[in-house]
Amino acid sequence: MVKENPTRDKLLTYMAVAALLIFLWYAESHFSQYSLRIINNIGIFIVLAVSYNLINGIAGQFSLGTNAFLAVGAYTSAIFTLSPEEKIRSFIIEPMIWPLSEISLSFPLSLLLAGVVTALIALLVALPVFRVRGDYLAIVTLGFGEVVQVVANNVVSVTNGPLGIKGLAPHTNIWWSWGICIFTVYCVVRLINSSYGRAMKAVREDETAAEAMGINAFRIKTLAFTCSAFFQGVAGGLLAHLITTISPSLFTFMLTFNLLIIIVIGGLGSTTGAVLSAILITWGSEALRIVEEPFTFFGYDYSGIPGMRMVLFSIILILVMLFARRGIMGRNEFKWSVLLNRFGRQSKSEARTS
Amino acid sequence: MDIGFATQQIIYGLTVGCLYGLLAIGYTMVYGVLRLINFAHGDLLMVSAYVAFFGIVIFSFPWPLAFAGAALITGFIGILIDRGAYKPIRKSPRISALITAIGVSFLLENLALVIIGGRPKPFPIPMLFEGSLSVGQVKLPILSIWVLAVTTVLLMIVLAIINKTRIGMAMRALSRDMETVSLMGIDVNRVISFTFALGSMLAAFGGVMWCMKYPAIEPFMGVIPGLKAFVAAVLGGIGNVTGAAIGGLILGLAEVLIVAVQPDWSGYRDAIAFCIMIFILLTRPTGIMGQKLPD
Amino acid sequence: MVRIVSFSLTLLALMFSLASASDPINVGALLPMTGSVAAFGQMGWDGFQTARKIQPQALGRPVELKLSDTKSDKVDSANAMSRLIEREKVVAVLGEMISGDTIAASDYSERAKIPMISPTATNPIVTQGKKFVFRVCFIDPEQGRVGARLAIDNLKAKTAAIIYDISQDYCVGLKTFFQREFTQSGGKIVSETMFKTGDRDFTPQLSRIKSLNPDVIYAPIYYTECALIAKQAREMGLTAPILAGDGVQAPELMQLGGKDVEGLYFTAHFHEDMVETPIAKKFLELFRKETGKELDSYSAQAADAYFLLIDAINRAGSADPQKIRDAIVETKDFNGVTGKITMKPDGNAIKAMVVNKVKDGKFAYVTTIMP
């Protein structure tokens, strides 16, 4: 029976990260642009899922406003990296307001700024919204998401309204998206395993009891909310510079629903689950494109039905939820000892008795 | 702003509000019993609209028959959805059921899109619902009177069922404590199915009224009304039927009056409506009529 | 013996040439088949398919349309575009219908040097700074300006009220340029009210407009909303003429709006009576037969994008993307379904603008304006 062993586990983790980096390095020169784009998407969605899981799964606060944070992050970083010439060219409805129209920052700085601005806004929002709980919190945050989208449509001299911002340099490559992905997972896991993380879980299980134990539930919730928003803001910046254009229609509540689906399928409260599920769903929804293509099936010529992909996606979604009720991982986390036991020399029966 | 203009806007607002309210009642009933935010509720509006449309246009049924058929079929689909997607996971975490609800919503929308197509279809409005009365400067559309009347009657019926009948008593009991109720020998699943059927039929009535008011049927027509009804249900205190109707009226009136009073803000309408809602929830964290629910 | 060898060699050569001749040319169709604007995608797909039935070949090789769904979403548009280029090896892409999604997808096609023709992306910033992005429609500033001229010259309007969708770039674009031209020509905008996609109730906005009594209502929006607005306006006794853009040209406008859209003017790409060339006439006929519907602006422009691309491939004499691109730029007086199209080097099309009117439940031709 393999037991937990911090030194060995640390070593294995470093090796795994190294293997991942080697894979990315290989992918960059050998894979097609299409595959690289999906790998990029997966990296960004892991950042989103892991940080969204922090507030929804770990701290147990049902927030539906993550599309707003993505929007704030994406707009902040896009506004700061766009060249002044492009700003003049594409703001055809109203010119951009002054200090913003001249500023042009480097990509890393804009990402940092995106995270900080988003976190600040989350901090401001947290003050009122955490006065309500449960489903009421869900609707208030959903409302916040809608408000941000409406504002983005209306403040034309900053956001270019529904025309959106285009012509961003394609700064995001797999090193950026996966670098930030690894950094995010590292930070979130450290946070979850710290005393703050335990306090978040305590609040999730029973807020009143947690308060009785001397935990300031409001502060803990705000902390989770703000940290989550920081990473979502950064991911927004990454996404903006991957597709090189953004507009308010990108950040509807459908985006939040997608992320919610990812973290629940993965297992609400499990960071490992969030990562796995982000990979599965991002890759899977691209792979499902096959059903819309013509192919021959047992001699029957199937001509491909446009729209079948989404029908199938929703059926699979329902079935997965019916058969894996707590998602892929439940609330469990990945542990090297579990993996080693499963594939190690130990017999299965022995592992089960442990 | 003169009195005539104000009255007119209030009539418009009440009409929209009643439609939101009708949907919100169904939302809130399912929530009250199951603690489930049934995101597929808005799409039932779309289903009933298509059923009524095909009933009238393809099979050329008279409209009362088509409307009744729409209500029955939608109620049946409501039961099917419950049996297929929600019942198997009743003992699982609430969030799992929420995801299947989103799944059902996607499925209904995309099935309609693949089978019927995305181009909007015109809804044939029966003569009885057309035209308007003029009282001085104020115009009173016949349909508004219908919407108001239907909503009031349905609200009364629902309240009577909940408060006066045995099954209503079971519903109320379920919303308090599902486990104890099942120990008392009540067939929980039957009560839940009944709730779904009733809620879906309300959505069906809402759907038929909705597409007579706005006669364009399309696969995604239920999304925005569904969202608004959800807001209305929460505003009124989710789980409370009268609250849902009041929440719908407040939302409808707010949406109309914001634009009527300050047209320059019409671009911010939804944002203002949401801010009003957030403000109400902050002062009354469980909605207008809501009680504190057991966690 | 020599005979037999030479005969078999000829046969072999013939077979080989046949094989390469029937090697299909892959063309991508990037359309929103699902999601919020699925209706536009389905209209575009109808247009592409009908057009392909009329001209199924280019350079003697069959043309194959590879459909890829964008889910009306930017991330998916970009994914779908790179899939079309990398997996399906398309030589050109037709689509997207919506400006924002076209911009998202064009970033990748531009880098891969694959030409892209959008049927209906009217926002001026779509083709800005791009060498491989084209469109067969005119752009929002032109249409907004013509709309204003129409209001002033033909409808003799001095005051106008605008109602538009704040969350659609098409609507905001048209509204902005209409407003500029109208006020510069001495007109006055008395009211500017907005709504958001998905809204179905416009009564408060229209009540406001009614109280100001403008000469004309400019409604640069899509057909569903426009039909509902006309209905609600007429119901409350608002009788000012409504002026719209090309987004309303679909049979649904009359089906949904009925008698309330009578007398509605709009700037458009074409009118059925103006269709001249045999191919376009054939298209019109086949479209009616295949779909059972009257031709709409979206399908017509999709067909033009297809025909123009086939024409360019034939002129290029090769299925090489770079050569196709060069041939598209040189398109001059191309006779499509929606009239004569001349491509400018910046990717925008020069074409005449038509003014139509709803009369007796049909679109009636009013006049032609060269922007």
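## A salt bridge within a helix

C:Asp311 is partly exposed, at 24% relative accessible area; this class lies between buried (under 20%) and exposed (over 50%), using a 1.4 Å probe and protein chains only. Its partner C:Arg315 is partly exposed too, at 39%. Salt bridges that share partners also build one network, which joins A:Glu286, A:Arg289, A:Arg309, C:Asp69 and C:Asp76. C:Asp311 and C:Arg315 form a salt bridge, with the closest N and O atoms 3.0 Å apart. The term requires a side-chain nitrogen of Lys or Arg within 4 Å of a carboxyl oxygen of Asp or Glu. Both residues sit in helix α11 (residues 297-316) of chain C, 4 residues apart, about one turn of the helix. Helices (H or I, at least four residues) and strands (E, at least two) are DSSP runs, numbered from the N terminus.

This is a predicted model: local features need pLDDT of at least 70, side-chain atom pairs count only at pLDDT 80 or more, and totals for chains, interfaces and linings use all residues. Residues are numbered from 1 along each chain as its sequence is written, chains are lettered from A and ligands numbered from 1 in the order in which they are written, and side-chain values use heavy atoms, with hydrogens and water left out.

## Other salt bridges

Over all chains, the whole structure has 34 salt bridges. One of them pairs A:Arg8 with A:Asp9, with the closest N and O atoms 2.7 Å apart. A:Arg8 is partly exposed, at 23% relative accessible area. A:Asp9 is buried, at 14%.

Another links B:Glu218 to C:Arg200, 2.3 Å from N to O. B:Glu218 lies in the loop between β4 (216-217) and α9 (223-236) of chain B, and C:Arg200 in the loop between β8 and α7 of chain C, so this pair joins two chains. Both B:Glu218 and C:Arg200 are buried.

## Chain C against chain B

Contact means heavy atoms within 4.5 Å. Chain C brings 37 residues into contact with 33 residues of chain B. About 2,800 Å² is buried between chain C and chain B, and carbon and sulfur atoms give 58% of it. Buried area is the accessible area (1.4 Å probe) that two parts lose on being put together, summed over both. C:Arg200, C:Asp201 and C:Pro204 supply 18% of what chain C buries against chain B, more than any other three residues.

This interface holds 6 salt bridges. C:Asp201 pairs with B:Lys213 in a salt bridge, the closest N and O atoms being 3.3 Å apart. There are also 10 residue pairs in polar contact between chain C and chain B, both residues at pLDDT 80 or more. A polar contact is a pair of N or O atoms within 3.5 Å; within protein, one must be able to donate a hydrogen and the other to accept it, and residues adjacent in sequence count only if both atoms are side-chain atoms. On the side of chain C that touches chain B, α2 (38-54), β8 (188-195), α7 (203-212), α8 (223-235) and α9 (252-257) of chain C each supply at least two residues. The largest share, 6 residues, comes from α8(C). This side divides into 12 nonpolar, 13 polar and 12 charged residues. Ala, Val, Leu, Ile, Met, Phe, Trp, Tyr, Cys and Pro count as nonpolar, Asp, Glu, Lys and Arg as charged, and the others, Gly among them, as polar.

## Chain A against chain B

Here the contact takes 40 residues from chain A and 44 residues from chain B. Chain A and chain B bury about 3,800 Å², 80% of it on carbon and sulfur atoms. A:Asp135, A:Tyr136 and A:Ile139 supply 18% of the area that chain A buries against chain B, more than any other three residues.

The count between chain A and chain B is 1 salt bridge. A:Asp135 and B:Arg94 meet in a salt bridge, 3.3 Å from N to O. Polar contacts link 7 residue pairs across this interface, both residues at pLDDT 80 or more. α7 (134-154), α13 (253-266) and α15 (308-323) of chain A are the elements giving two or more residues to the side that touches chain B. α7(A) gives the largest share, 12 residues. By class, this side of chain A has 30 nonpolar, 4 polar and 6 charged residues.

## Nonpolar cores

A nonpolar core is a set of buried Ala, Val, Leu, Ile, Met, Phe, Trp, Tyr and Cys residues joined through side-chain atoms within 4.5 Å. The largest core has 327 residues; A:Leu260, C:Phe48, C:Phe178 and C:Leu253 have the most contacts inside it. Helix α2 (residues 33-58) of chain A gives the largest share of this core, 16 residues.

Not counting residues up to four places away in sequence, C:Phe178 touches residues including C:Gly144, C:Ala151, C:Ile162, C:Tyr218 and C:Leu243. Apart from the largest core lies another, of 11 residues, among them C:Met81, C:Val90, C:Ala105 and C:Ile114.
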